[in-house]
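Colleague: I am new to this structure, and I would like to understand the reasoning behind the labels given to its cysteines. Could we go through them together?

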Amino acid sequence: MTRTDRPVRPRRIRFGPRSSRTVAVVSALVIALTSCSADGGSGHHPGKPAKPAPVWHTDPGSIAALGDSITAGFDACTLLSDCPQVSWATGTDPKVDSLARRLVERPATHSWNFARTGALMSDLLSQVTSAVARRPELVTVLIGANDACRRDVGAMTPKAAFRADFARSMKRLRKALPHTQVYVAAVPDLLRLWSEGRKNPLGKQVWKLGICGSMLRDPDDLTKAARDRRATVREQVMAYNSALAEVCGKDPLCRFDKSVFDYRFSGRELSTWDWFHPGTRGQKELAELAFRTVTRPRP
């Protein structure tokens, strides 16, 4: 075999020091890219535990009630007077069986009612400040009817202001009490209360004292103008409830209860003094609705 006929052997590649360093760099880059792909580039390390979601407890040890005349028990016992002992939230009357009686082991010393008759949403912040001092495990909020119950529709609280005041109050509460649970009841359907209360002549006489003029003024007036006025009030209440649900929905420890608006109150649940505010039976129904929402395992 001649020199030209000899088979050509493949050239042997030798890895010197420089080649070894190149391989090491490439390997490190591959490992880094694989790591980024595994966690989606989020920077989360598999060994680091994720922050647990807040847990809703169905057995709070203390309750603070915030709101207006409904939670204060106005006209439930006597004319034009508060009656907190029958309040749906913190009342002591066994006929009502309030939320505090159902949930709190020692309601006499571990429940507080800061609701005020006539309170507007703009007054909620001061009530929050009072509640924070007690450090309750559950705060109930039922407020907003007075923002719609004005002398006329033009005086109703604008939705934007209503929402801003509620958000400000929630922010204050959450900053002071990060683990406190919040139950927010919807504003009741005022049109429903008008339609039931107007059936009683005595109630209509009491309405003339100035109770919720935007809805209850001239209760027997069924003209288009009167119907439109009442519809406007109802739409405003629905807008308020939308704002409550929106703000509450951003807080994992807040539950909004729309059933208070949907509940079809009858004359049996209304105050026999003004046929508009909840009576003892109405307070009992509110307590039942709240109990269902607070004790539901998941929202």
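Modeller: Let us begin with a definition: a residue is called buried when its relative accessible area is under 20%, exposed when it is over 50%, and partly exposed in between. Please keep in mind that this is a predicted model.

Colleague: Why is cysteine 212 called buried or exposed, whichever it is?

Modeller: Cysteine 212 has 5% relative accessibility, and because the limit for buried is under 20%, cysteine 212 counts as buried. Cysteine 149, at 12% relative accessibility, counts as buried by that reasoning too.

Colleague: How do you know that cysteine 149 and cysteine 212 form a disulfide?

Modeller: Their sulfur atoms are 2.0 Å apart, and since a disulfide requires a pair of cysteine sulfur atoms within 2.5 Å, the pair qualifies as one. Cysteine 149 lies in the loop between helix H6 and helix H7, while cysteine 212 lies in the loop between helix H9 and helix H10, so the link ties together parts that are 63 residues apart in sequence.

Colleague: What makes cysteine 77 buried, exposed or partly exposed?

Modeller: Its relative accessibility is 30%, and because this falls between the limits of 20% and 50%, cysteine 77 counts as partly exposed. Cysteine 77 forms a disulfide with cysteine 83, with the sulfur atoms 1.9 Å apart, and cysteine 83, at 2% relative accessibility, counts as buried.

Colleague: How many disulfides does the rule give?

Modeller: The count comes to 3 disulfides, including the one that joins cysteine 248 to cysteine 254, both of which are buried.

Methods. Residues are numbered from 1 along each chain as its sequence is written. This is a predicted model: local features need pLDDT of at least 70, side-chain atom pairs count only at pLDDT 80 or more; totals for chains, interfaces and linings use all residues. Side-chain values use heavy atoms; hydrogens and water are left out. Buried means under 20% relative accessible area, exposed over 50%, partly exposed in between (1.4 Å probe, protein chains only). Helices (H or I, at least four residues) and strands (E, at least two) are DSSP runs, numbered from the N terminus.
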